[in-house]
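Open the model in your viewer and keep the sequence panel visible. The stops below go from the whole chain to single residues.

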Amino acid sequence: MGLVRLKIRELAAERSWTIKEVAERAKVNYNTVKSYARHPGMNMVDLTAVQKIARAFGVSIEDLIEVVEE
């Protein structure tokens with residue numbers, strides 16, 4: 001089974017946003033965004049939060065998520 005990695009840091013860097021700005025723009029708890037940005041792979045994510053983050057970046061969920069092997 002693969003793990004999910006969210007490309008938050010890469011997308012934030014492209015826009016010169018901090019992780020705090022991502023959280024504010026997405027209206028998602030800062031600690032959630034920070035946790036998602038730090039972990040190289042997770043087996044569970046809150047899809048509602050992921051959708052809000054993707055929307056804040058103006059990308060699809062597919063563009064935000066990368067599946068990585070364990």
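Accessible areas here come from the Shrake-Rupley method with a 1.4 Å probe, and for residues only the protein chains shown count as cover. By that method the chain exposes about 4,500 Å², of which carbon and sulfur atoms supply 49%. This is a predicted model, in which local features need pLDDT of at least 70 and side-chain atom pairs count only at pLDDT 80 or more, while totals for chains, interfaces and linings use all residues. Residues are numbered from 1 along each chain as its sequence is written, and side-chain values use heavy atoms, with hydrogens and water left out.

**Whole chain.** Colour by secondary structure. Helices (H or I, at least four residues) and strands (E, at least two) are DSSP runs, numbered from the N terminus. The chain has five helices and two strands, in the order β-α-α-α-α-α-β. Its C-alpha trace spans about 30 × 20 × 20 Å along the principal axes. Of the 70 residues, 34% count as buried; buried means under 20% relative accessible area, exposed over 50%, and partly exposed in between (1.4 Å probe, protein chains only).

**Helix α1.** Select residues 8-15, which form α1. Which of its residues are buried? They are Ile8, Leu11 and Ala12. These cover an arc of only 100° around the axis (taken from the directions from the helix axis to the C-beta atoms), which puts them on the same side of α1. Turn to the other side of α1 to find Ala13 and Glu14 exposed. Now show what covers the buried residues of α1: the cover includes β1 (3-6), α2 (19-26), α3 (30-38), α4 (47-57) and α5 (61-64). Just after α1, select Ser16, whose phi is positive, near 60°.

**Core.** A nonpolar core is a set of buried Ala, Val, Leu, Ile, Met, Phe, Trp, Tyr and Cys residues joined through side-chain atoms within 4.5 Å. The largest one has 21 residues, and Ile8, Ile53, Phe57 and Leu64 have the most contacts inside it. Two or more residues each come from β1, α1, α2, α3 and α4, with α4 giving the largest share, five residues.

Centre on Ile8. Contact means heavy atoms within 4.5 Å. Leaving aside neighbours within four places in sequence, Ile8 is in contact with Ile19, Val22, Val33, Tyr36, Ala37, Ile53, Phe57 and Leu64.

**Last stop.** Select Glu69, in the segment after β2 (65-68). Is Glu69 buried or exposed? Glu69 counts as exposed, because its relative accessibility is 66%. Add Leu3: the C-alpha atoms of Glu69 and Leu3 are separated by 6.0 Å, although the two are 66 residues apart along the chain.
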